[in-house]
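Biologist: Could you take me through the charged side-chain pairs here, one by one? I would like a close look at where the partners sit and how buried or exposed they are.

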Amino acid sequence: VFLYHAVPKGLNMSIVNPGGLPRYTDIDENTRKLAEEVILNKSADGNHVERFLEFAERVKNPPPPPAAGPVMKIEKSSPTQQIDFLRSLEETVACEAEHIQPEAGCAAVDVCRLEGPQETQVVAQKIIDGKTPTPTEVLNYFNNELKKRICFLDGGMGTRIQAEKFEEADYRGDRFKDFAEIDANGVPVSLKGNNDLLVFSKPEMMKDIHKEYFAAGSDICETNTFNGTTISQGEYKMQAVVYELNKKGAELAKLAAAEV
């Protein structure tokens with residue numbers, strides 16, 4: 001409900017769980033009305049917050065039978081329906097401000113203000129061929145595309161990986177099956193939870209997760225290297241593989257993009 005109202009009013013970035021988010025029309029009318037009153041902070045009697053809290057309490061703790069409590073009805077929509085719905089949201093706020101131009105002779109121009117030709121086919125072909133578009137080609141593409149539509153970043157890698165319920169052996173794989181480092185307290189270091197390490201032990205699955213997000217409509221895919229630094233990997237005694245980890249993560253993301 002929030003996104004339904006916020007996107008047309010100028011919201012240009014948010015983080016949601018794709019596939020788990022209902023469409024506006026999936027939510028029953030009563031629940032939707034209660035949510036809208038709170039989100040828009042407006043109702044005829046001004047008691048919308050209290051009314052919503054009472055509703056939430058009744059849903060959480062419905063009265064015992066035979067009295068029936070209110071039911072929140074959310075129907076499951078398909079990925080295709082979600083993509084179509086997201087693509088249908090359009091910006092309604094027109095920017096009438098004068099476009100700021102960089103001062104003559106400035107050392108560096110804000111990349112968001114760079115102007116250039118949008119060579120979509122050139123960029124697409126390089127991705128298909130497993131090559132890397134130049135920074136200028138990428139900037140020109142998005143600076144032009146963002147003037148026409150909302151572009152989508154992929155979803156959370158960590159939460160998606162958690163859904164697989166991996167155990168210690170899954171993170172170790174063959175390469176790190178004999179890993180036996182000890183931490184400062186004399187305790188064996190566990191690799192469970194080091195999601196970045198899965199680019200080595202579960203490369204096909206990491207690639208497929210990227211492809212899931214692309215198939216769901218993402219324009220941009222992040223690499224599975226959120227903790228790809230020597231500081232973060234140092235917690236797992238894995239700082240020695242940081243460079244290789246980041247390189248492998250980028251290769252998998254590029255491969256996923258080429259395959260879709």
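**A close look at the salt bridges**

Modeller: Happy to! Let's start with R172, which counts as buried because its relative accessibility is 14%, below the 20% cut-off for that class. Please keep in mind that this is a predicted model. The side chain of R172 meets that of E168 in a salt bridge, with N and O 2.8 Å apart. Both partners belong to helix α8, which covers residues 168–172. They are four residues apart, about one turn of the helix. As a general point, side chains of opposite charge can pair when their charged atoms come close.

Just along the chain we come to R175, whose salt bridge is with E244; here too the closest N and O atoms are 2.8 Å apart. R175 lies in the loop between α8 and α9, while E244 is in helix α12 (residues 242–259), so this pair ties together parts that are 69 residues apart in sequence. As for exposure, R175 has a relative accessible area of 43% and is therefore partly exposed. E244 is partly exposed as well, at 37%.

Another place to look is a network: K33, E37, D45 and R51 are joined into one by salt bridges that share partners. Across the whole structure there are 19 salt bridges. Within the network, let's zoom in on E37 and R51, which form a salt bridge with their closest N and O atoms 3.1 Å apart. E37 comes from helix α2 (residues 29–39) and R51 from helix α3 (residues 48–60), so the pair links parts separated by 14 residues in sequence. What about burial? E37 counts as buried because its relative accessibility is 9%, and the class takes in values under 20%. R51, at 26%, counts as partly exposed, since partly exposed is the class between 20% and 50%.

While you have helix α2 on screen, have a look at I39, which is also found in that helix. Here the theme turns from charged to nonpolar: I39 joins F2 and L40 in making a nonpolar surface patch of about 270 Å². With a relative accessibility of 35%, I39 counts as partly exposed, and so it passes the cut-off of over 30% that patch residues need.

To put the pairs side by side: E168 and R172 sit within one helix, R175 and E244 join a loop to helix α12, and E37 and R51 join helices α2 and α3.

Notes. Residues numbered from 1 in each chain as written. Predicted model: local features only at pLDDT ≥ 70, side-chain atom pairs only at ≥ 80, totals over all residues. Heavy atoms only, no water. Salt bridge = Lys/Arg side-chain N within 4 Å of Asp/Glu carboxyl O. Helix = DSSP H or I, 4+ residues; strand = E, 2+ residues; numbered from the N terminus. Buried < 20%, exposed > 50% of the residue type's maximum accessible area, 1.4 Å probe, protein only. Patch = residues over 30% accessible without salt bridge, like charges linked within 9 Å, V, L, I, M, F, W, Y side chains within 5 Å. Areas by Shrake-Rupley, 256 points an atom, 1.4 Å probe, with all protein chains shown as cover.
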